[in-house]
Amino acid sequence: MKHIITILFLFIGFQASNIKKESAFQDGEWFKFEMSYSGFLKAGNATLSVKESTLDGKGVYHVVGKGWTTGPVKWLFKVKDRYESYFDKETGAPYKFIRKINEGGHTKDIEIDFNHSEKKAIVNNKKHKEVKTIMTEQGVQDMVSMYYHLRNSIDIASLKQGDEIKTTMFFDEENYGFKLRYLGRETIEVDINGSNVEVKTLKFRPYVMAGRVFKEEESLTLWVSADKNKIPLKIKADLAVGSLRADLVEFKGLKHAFPIVFKN
């Protein structure tokens, strides 16, 4: 079960363009997700919150992502994860990334500082008391800042079914190529803020590495709201054993109106 939180944060991404657009989010935005295993067993919760802040005199957004197991799963496999990202309010470039996790006794405590002018990431592994400098790529994002950067730069009007989108992310000590395919539009039913509603969405298929965790390369599907907020509504992952789902169940502080149709 240790992959439920990483799946949520790692695979929320979509089409980017170089055209600067109106911001999709603001200070005070907050999401809560519920995770379930094989469609019936509640596995855990996760939250994402956005705050305006400063870092070394620069205006930044400070995003905190938390994830934890609940119910019976908590006693079988306890997860308590925390991810933080500080990224520039104007450019979206990440300055600092923090990953502090405890997944069934497997722990990590990593802090990364980005030097974009020199294309370097200074990785401080606090658990092992090691500091490494690793070369990065132009326009690199961390796993949290990537989501907000792409939310701001998605161009809904230009998306065509079958489009493949590629981007680069730095995670722990490596640069990762990330690719996903746009599957088209779909209206789905979701339960958010206590109401059953219909929402128009954009549907994507991220590519992952098949093997021990994922059943095959196309094991993930995600649904993103087809509006100015571009929020993640649902993620489904087919695993080597069973499946995982993450569903948005609560939100507050959206910057834009959220178009929905109430079912009850």
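Select Lys129 first. In this predicted model, Lys129 is exposed, with a relative accessible area of 77%. The residue sits in the loop that joins β7 (120-125) to β8 (130-135). Display the two strands together with this loop, and then turn to the backbone of Lys129. Its phi is positive, at about 55 degrees, although Lys129 is not a glycine. Most residues other than glycine have a negative phi.

Next, select Asp172. This residue belongs to the loop between β10 (164-171) and β11 (174-192). Is Asp172 buried or exposed? With a relative accessibility of 10%, Asp172 counts as buried, because the cut-off for that term is under 20%. Its backbone also has a positive phi, near 60 degrees, in a residue other than glycine. The two stops may now be set side by side: Lys129 is exposed, whereas Asp172 is buried.

Now show the whole protein chain as a cartoon. How many helices and strands does the protein chain contain? There are 3 helices and 16 strands; β7 and β8 flank the loop of Lys129, while β10 and β11 flank the loop of Asp172.

Colour the chain by burial as the following step. Of the 264 residues, 52% are buried, and Asp172 is one of the residues that count as buried.

Then switch to a surface view. The accessible surface of the protein chain comes to about 12,700 Å², and carbon and sulfur atoms account for 48% of that area.

Finally, display the contacts within the chain. Among contacts with a separation of 6 or more, 53% are between residues 24 or more positions apart.

How values were computed. Residues numbered from 1 in each chain as written. Predicted model: local features only at pLDDT ≥ 70, side-chain atom pairs only at ≥ 80, totals over all residues. Heavy atoms only, no water. Helix = DSSP H or I, 4+ residues; strand = E, 2+ residues; numbered from the N terminus. Buried < 20%, exposed > 50% of the residue type's maximum accessible area, 1.4 Å probe, protein only. Contact = heavy atoms within 4.5 Å. Areas by Shrake-Rupley, 256 points an atom, 1.4 Å probe, with all protein chains shown as cover.
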